[in-house]
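Visitor: I'd like to know how the descriptive words get attached to a structure. Can we go through it together?
Guide: Sure, ask away once it's on the screen.

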Amino acid sequence: MPRPGFVQEVDRSTPPQLFWRGENFSLEKLPADRSRVIYAPEPHDPIKDIDGAIRHALLNPIDSDPLPELLFPGMKLTIAFDDVSLPLPKMTRPDIRQRVIEAVLDLAADAGVDDVHIIAALALHRRMTEDELRHALGDRVYDAFAPRGTLYQHDAEDPDNLAFLGATPEGEEVEINKRAAESDLLIYVNINLVAMDGGWKSTATGLASYRSLRHHHNPQTLLHSNSLMDQHRSELHKSNWRMGKIMRDNGPKIFQIETTLNNDSFPDPFGFLGKREWEWNARDRATFVASSKALNRTPSSIARKIFHSIEAPHQMTSIQAGEVEAVHKITTENVYKQQIVEVQGQTDILTMGIPYICPYNVNSIMNPILVMCTALGYFFNMYRGKPLVREGGVIIMTHPTPWEFNSVHHPSYIDFFEQVLSETTDGVRMHKEYEKKFADDDWYRHLYRTGNAYHGVHPFYMWYWGTHAMHHCGRIIIVGGDVRAVRRLGFTPASTLNDALEIASDVVGRTPTITHMRVPPLMIADVK
Amino acid sequence: MNSKDLAKKGTLKLLARAGDAVEFAARPAIRRVRKLGFPYRAPTVPKGIVIEPKEDHLGANFETNWARTPVARGFRRAFLAGPVTAAVRVIASPQVYGVDRLADLARLEDPIPVIFCPNHHSHLDTPLMATVIPQPWRNKVVTAAAADYFFNTRAKGTLAALSLNAIPIDREATGRKSAEQIRNLIDTGWSLVIYPEGGRSPDGWGQEWKGGAAYIASRTQTPLIPVFIDGTGSIFGKGAKKLRPGRTRIVFGAPIWPEQDENIRVLGSRLQKAVELLADEVSTDFWDSRLRRKEKATPKLTGPEYNGWRRQWLLSEMRQTGDTGQRRRQKRRWPDIG
């Protein structure tokens, strides 16, 4: 029986806490009697017969006819799936998307459906490489559909392949992939790693164009998303749900398939990264010492390769299929079951170790903008109710924050960092003065459409993702980061955690309360 | 042919020549021993004396329990991981597909035994299977081998049991002893490789599948793993005099669980259809094979109904469409015209 999440009050006998530092980690001692550490619930047991569960979900959907009854000869069937940003880290083969899509294709073939397209729902993310597609879909699906040209990636900048479905009463335009829009049935295969994913966000965001996305990916919307993990208090989700209504009225019939995974994030010998420190055995301690010492001496490019090659043992804990909203309601409950930790009250200082990976740097570099987005966009938002840190409090994160970018994946990030962040860190001003120039840049558009680059506007979105946290906090400190890069972000650099606590005392006084989020494994703090 | 292939071919030739040389050197010594007669040779039996037949320890009665002792297992593990794997790579260049379909079973904390059921074209199939079966089953698998062929002499039986963990099985009717032995082995966690065709293909097409594998699965409630092996027939098919190195593909299918009170024939038919689907999948692709299944047009492993040269003709046509089973040919060198 997996143990639930846990809040540990730090006293003198509490061992030091694990802090991620990008492609490395360290142990840090938190002040006794006023610090606490939040541990995620232990991984829930996966479903034993995964293929059986998939088949059962397809044959017994929620608020929908069984899938075989929706399939008929001569129909246009489109299957869309979540891209490389999910799950994190990538899961061991077979990926759950492969299993679901193979099961769907089995039923489609039995129904005599010939016209099938499979589309990676990228939105403005980078195109996946062949290896990444093979990992997500498996060789069988890739080899059957890619050579025919019926497995491809959504292009949010291809005017010939976008269809306008209408606008919401708030004026939000809904424009999605034309093939998906014109299909008799659109099946969306989702992985719900965090509560933010899934629902109408799958189709209304994943298959949308810039014209459509800009209505909810902006500072105003994200400032009022409190939090992104709580759909009912998130403007981002409300906007997507309004767009979903347009899609339901004017778009294709949608059959949503959502899956949840447990938070079993690290395989042996890195299993200790998910364990509570006082439960580390001799082997765990030896592995920690050996790996952290070795990583200190390993060039960052090699360390990055090692970490990005990790395949997580997480497995499926639930699958539900059918009508989008009904399905998503159950999915969110299942995500909460795995990730919720009850926490009493807010804190003055929130500390977090930033790992080597976020949704936007798979097989790539975690550049300073993504460090900000991971900490303030994701980890800060891992709450329900109130933020973990009080208004005017301090966030302290640990990460080397190198002034380093992947020029293939993140070309516009480089210019954003040089040209925009050197002028302003205010999301609203960026949105007004700079966003359009980056969004309409022909070179970025070309790289997005033909290479493996994120869309020109993507770094802006990353920045907006953190605007709520930036407004909420009195100071943000990065421990161990490149000083110039940290200052460019508008944050305060510190060499050690003790220095950071000293710096924070200017804002929160000499004896602040401290809460450490021990992520990953992922969790959501339900702050009472 | 590239330099790697040439090197492999050269190695094989060298091994063959070494074997000839040993045989040539040993021949005079063997002749001399034969001339010496009794007591250096077995005694002749005087007329009128009837010798009681000894208890038959050959065939299906061949004792193989010793081949599963820790020492024998250790030897076999090293033998399979070393020389056999190297030889299989040189001779058959195996490409393995579909292992991901076994991921759920492989992930179990206490792995359950399974029954691998490949089609059968060559003696090469068994060493090939022994080297490509995924973990956690690879080191705990027995192979059902024809009692009348592999266990008809003590030397052959010992070699088969030691090197491949073979156990004797009656081809025509699964005898009580064979069935009980297999059941005991499965109960103690051993997986099984069994060729439901009962023997190698005589002409390159498959044969009708027998019910042995389905019977065992049904009695022991063990999942059947359909496996399709492609290409070994061209390398060393039945009746071949010498090895012709080439490429092979091994495709694992999803486990098939016997249903409660399921008829053995129905289960056997499900297994055969699963292997036929794998064969179609590997010769076309996942999607086409499913569409053909819907049309009930999945090609049968046994080939077309008609007889005679057209069967062979179709077989050679099929071989030409893929590279599996083809001999590696020298790459055409185009002249450098600057």
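**Reading the labels**

Guide: This is a predicted model. Let's begin where two chains meet: helix H4 (residues 130-145) of chain A packs against helix H11 (residues 286-294) of chain B at an angle of about 85°, and their axes are 7 Å apart.

Visitor: Why is H4(A) called roughly perpendicular to H11(B)?
Guide: The label covers angles of 65 to 115 degrees. The angle here is about 85°, so H4(A) counts as roughly perpendicular to H11(B).

Visitor: Which residues in H4(A) and H11(B) meet?
Guide: From H4(A) you get A:Arg140, A:Val141, A:Asp143, A:Ala144 and A:Phe145, and from H11(B) there are B:Phe286, B:Trp287 and B:Asp288. To be in contact, two residues need C-beta atoms, placed from the backbone, within 7 Å.

Visitor: What makes the residues of that helix contact divide into 5 nonpolar, no polar and 3 charged?
Guide: Asp and Arg count as charged, so A:Arg140, A:Asp143 and B:Asp288 go there. Val, Ala, Phe and Trp count as nonpolar, so A:Val141, A:Ala144, A:Phe145, B:Phe286 and B:Trp287 go there.

Visitor: Which helix gives the most to the side of chain A that touches chain B?
Guide: That's H4(A), with 7 residues. The contact takes 16 residues from chain A and 13 from chain B. On the chain A side, the residues divide into 7 nonpolar, 2 polar and 7 charged.

Visitor: Now the sheet. What makes E13 and E15 of chain A edge strands?
Guide: Each of them pairs on one side only. The order is E13-E20-E15 in an open sheet of 3 strands, with parallel pairing. From one strand to the next, the twist averages 30°.

Visitor: How do you know that E15(A) and E20(A) pair?
Guide: Pairing takes at least two bridges. E15(A) and strand E20 (residues 524-527) of chain A have 3 bridges, in the parallel sense, so they qualify as a pair. A:Tyr383, for one, stands opposite A:Ala525 in E20(A).

Visitor: And where do the domains of chain A lie?
Guide: The domain assignment gives domain 1 (6-41 + 274-309 + 340-527) and domain 2 (60-261). Their C-alpha centres are 28 Å apart, and the contact takes 30 residues from domain 1 and 28 from domain 2.

Visitor: Which elements give two or more residues to the domain 1 side?
Guide: Strand E15 (383-385) is one of them, along with helices H15, H17, H18 and H19 of chain A. The largest share, 4 residues, comes from H18(A).

Key
Residues numbered from 1 in each chain as written. Chains lettered and ligands numbered in written order. Predicted model: local features only at pLDDT ≥ 70, side-chain atom pairs only at ≥ 80, totals over all residues. Domains from an automatic or database assignment. Axes fitted to C-alpha atoms, helices over the stretch in contact; angles between N-to-C directions. Parallel < 35°, antiparallel > 145°, perpendicular 65-115°, else oblique.
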